[in-house]
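Please open the model in a viewer and keep a selection panel at hand. The tour below proceeds stop by stop, naming what to select and what is found there.

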Amino acid sequence: MKPTSRNLFCAAACASIFLFAVAGCKAKADNPQPNAKDAPFMSAVTTAPPPAAAQASVQPSDEAPPPDKADGFDGKRAYDHVAKQVSFGPRPAGSAALAQTQDYLLAELKSYGCTADVDAFSSDTPAGRIAMKNILVKIPDNSFPITTPPTFPSESPTPKLPAKGIILLGTHYDTKRLENFVGADDGGSSTGVMLELARLLCSQKGRYAVWIAFFDGEEAVRPEWQDPDNCYGSRQMAARFAASGDLPKIKAFLLADLVGTKTPHFKRESYSTKALVDLVWSVAKKLGYGNIFVDDSAPIEDDHQSFLKRHVPSVDVIDLDNGPTGDVYYWHTPQDSLDKISPKTLAIVGHVFLESVKQLQSK
């Protein structure tokens with residue numbers, strides 16, 4: 001994702017990181033762009049042995065509330081999912097570490113009784129053609145029984161179930177190609193939240209189907225964020241929905257990204273659909289999180305734009321306050337490690353998403 005307004009701190013940091021890595025921060029860098037023909041398919045970042053996971057101890061102030069205080073959402077479980085992803089090391093699209101992550105996601109989803117499709121595709125990038133995978137959980141509406149899930153991993157799509165309407169949730173699970181970048185917050189936190197949401201929702205049926213998307217290839221391959229070098233997975237999924245006829249059935253798309261910081265302030269993302277932003281922020285305020293889901297706004301480019309461009313109502317819940325004293329000052333640096341993650345924040349976001357889904361189911 002990329003903030004529309006860039007700051008000198010991020011630019012300076014990215015320029016420094018670029019000297020040592022094939023790709024750096026999404027904000028525009030001053031370094032000359034590499035030629036696509038010269039860019040390696042796999043950088044040294046993706047082939048180096050992954051560093052050991054950060055040994056982070058959770059402070060009492062960051063401990064998750066009991067699940068019964070968050071509608072069943074277990075922030076500690078979500079945190080453990082983040083820790084597992086971090087243990088794989090850097091996870092750029094096409095890397096062996098991301099393949100480990102995919103196996104982990106599918107195994108967890110199977111254990112919850114979730115039915116999931118795996119869409120394996122390839123994308124042309126500045127680093128060559130890269131194999132990617134989107135994972136899509138499909139929870140049918142109350143017109144359909146929930147059946148035993150297939151064996152994973154599987155490249156075969158599950159039988160198509162017609163839906164009266166779809167509530168789509170989403171995250172990206174890849175990390176940026178940076179030296180020693182394990183993306184605990186950027187990629188890891190939102191994926192941990194979506195896994196915990198899947199655990200809770202896969203056994204439930206409502207008026208509308210709930211689909212949960214795990215996007216590959218959100219991060220730009222080059223240092224800067226410049227179309228079309230970003231959002232490969234969400235573009236692929238939106239195009240598939242358009243071809244299958246499912247796109248018009250999506251009532252709302254709720255995206256999470258960078259949702260684990262210890263000092264969260266989620267601003268209203270200004271590209272997002274206002275009515276949907278109002279719904280989510282209203283839910284947050286009713287749950288007592290008005291000091292976290294704040295009324296300031298900021299434009300951020302992210303996976304939700306792949307759906308906004310196709311007229312799907314969408315909202316992005318993200319804290320990308322990445323200035324020197326901001327909530328996520330560690331954005332796109334090796335400091336985005338497990339010690340930056342708060343189980344409490346994960347629980348708050350999960351609670352808001354659960355209650356927002358309930359609100360949407362009632363409309």
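Two strands are said to pair if DSSP finds at least two bridges between them. With that rule in mind, select β4 and Thr171: the bridge partner of Thr171 in β5 is Phe214. The model on display is a predicted one, and each stop should be read accordingly.

**Stop 1: strand β5 and its neighbours**

Select residues 209-215, which make up β5. Seven bridges link β4 to β5, and the two strands run parallel. On turning to β3, one finds five bridges to β5, this time with the strands antiparallel. Lys138 marks this pairing, with Trp211 as its bridge partner in β5.

Is β5 mostly covered or exposed? The strand is mostly covered, with seven of its seven residues buried. In a regular strand, side chains alternate between the two faces of the sheet. Colour Ala209, Trp211, Ala213 and Phe215 as one group, and Val210, Ile212 and Phe214 as another; the two groups lie on opposite sides of β5, and all of these residues are buried.

**Stop 2: the whole sheet**

Extend the selection to the open sheet of six strands, whose order is β2-β3-β5-β4-β6-β10 and whose pairing is mixed. The edges are formed by β2 and β10 (314-318), each of which pairs on one side only. Direction ignored, neighbouring strands of this sheet are turned by 20 degrees against each other on average.

At one edge, select β2, residues 116-125, where seven of the ten residues are buried. Strand β3, residues 128-139, pairs with β2 in the antiparallel sense over ten bridges. Two residues form the hairpin connection from β2 to β3. Within this pair, Phe121 stands opposite Met132 in β3.

At the other edge, select β6 (residues 250-257) together with β10: these strands run parallel and are joined by five bridges. Leu254 stands opposite Val315 in β10.

**Stop 3: helix α5**

Next, select residues 184-201, the 18 residues of helix α5. From first C-alpha to last, α5 reaches 24 Å, close to the 26 Å expected at 1.5 Å a residue. The helix is mostly covered, as 17 of its 18 residues are buried.

**Stop 4: the cavities**

Rolling a probe the size of a water molecule over the atoms shows where empty space is left. How many cavities of 30 Å³ or more are there? The count comes to two. The largest cavity holds about 70 Å³ of space. To find this cavity, select Ala93, Asp174, Arg177, Glu219 and Val221, which are the closest to its centre of the 13 residues that line it. The lining divides into seven nonpolar, two polar and four charged residues.

**Stop 5: unusual backbone geometry**

Most residues other than glycine have a negative phi, and most peptide bonds are trans. Select Asn180, in the loop between β4 (166-172) and α5; the phi of Asn180 is positive, near 55 degrees. Asn180 counts as partly exposed because its relative accessibility is 41%, and partly exposed covers the range between 20% and 50%.

Then select Leu258, in the loop between β6 and β7 (266-269). Leu258 also has a positive phi, of about 55 degrees, although it is not a glycine. Is Leu258 buried or exposed? Leu258 is buried, because its relative accessible area is 0%.

The cis peptide bond at this stop joins Asp227 and Pro228, with omega about 0 degrees. Pro228 is placed in the loop between β5 and α6.

**Stop 6: two pairs across the sequence**

Select Ala239, in helix α6 (residues 232-244), and then Phe307. These two residues are 68 apart in sequence, and 9.1 Å separates them from C-alpha to C-alpha. Ala239 counts as partly exposed because its relative accessibility is 32%.

Finally, select Leu338, in the loop between β10 and α9 (343-361). Why does Leu338 count as buried? Its relative accessibility is 5%, and buried means under 20%. Add Gly260 to the selection: the C-alpha atoms of Leu338 and Gly260 are separated by 9.6 Å, although the two residues are 78 apart along the chain.

Notes:
Residues are numbered from 1 along each chain as its sequence is written. This is a predicted model: local features need pLDDT of at least 70, side-chain atom pairs count only at pLDDT 80 or more; totals for chains, interfaces and linings use all residues. Side-chain values use heavy atoms; hydrogens and water are left out. Helices (H or I, at least four residues) and strands (E, at least two) are DSSP runs, numbered from the N terminus. The expected span of a helix is 1.5 Å times one less than its number of residues. Buried means under 20% relative accessible area, exposed over 50%, partly exposed in between (1.4 Å probe, protein chains only). On a 1 Å grid over the protein atoms alone, a cavity is a set of points where a 1.4 Å probe fits but cannot get out, and a pocket is an open set with protein on both sides within 12 Å along at least five of seven lines; lining residues have an atom within 4 Å of a point. Grid points are joined across faces, edges and corners, and a volume is the space filled by probe spheres set on the points. Ala, Val, Leu, Ile, Met, Phe, Trp, Tyr, Cys and Pro count as nonpolar, Asp, Glu, Lys and Arg as charged, and the others, Gly among them, as polar. Axes are lines fitted to C-alpha atoms, for helices over the stretch in contact, and angles run from 0 to 180 degrees between N-to-C directions.
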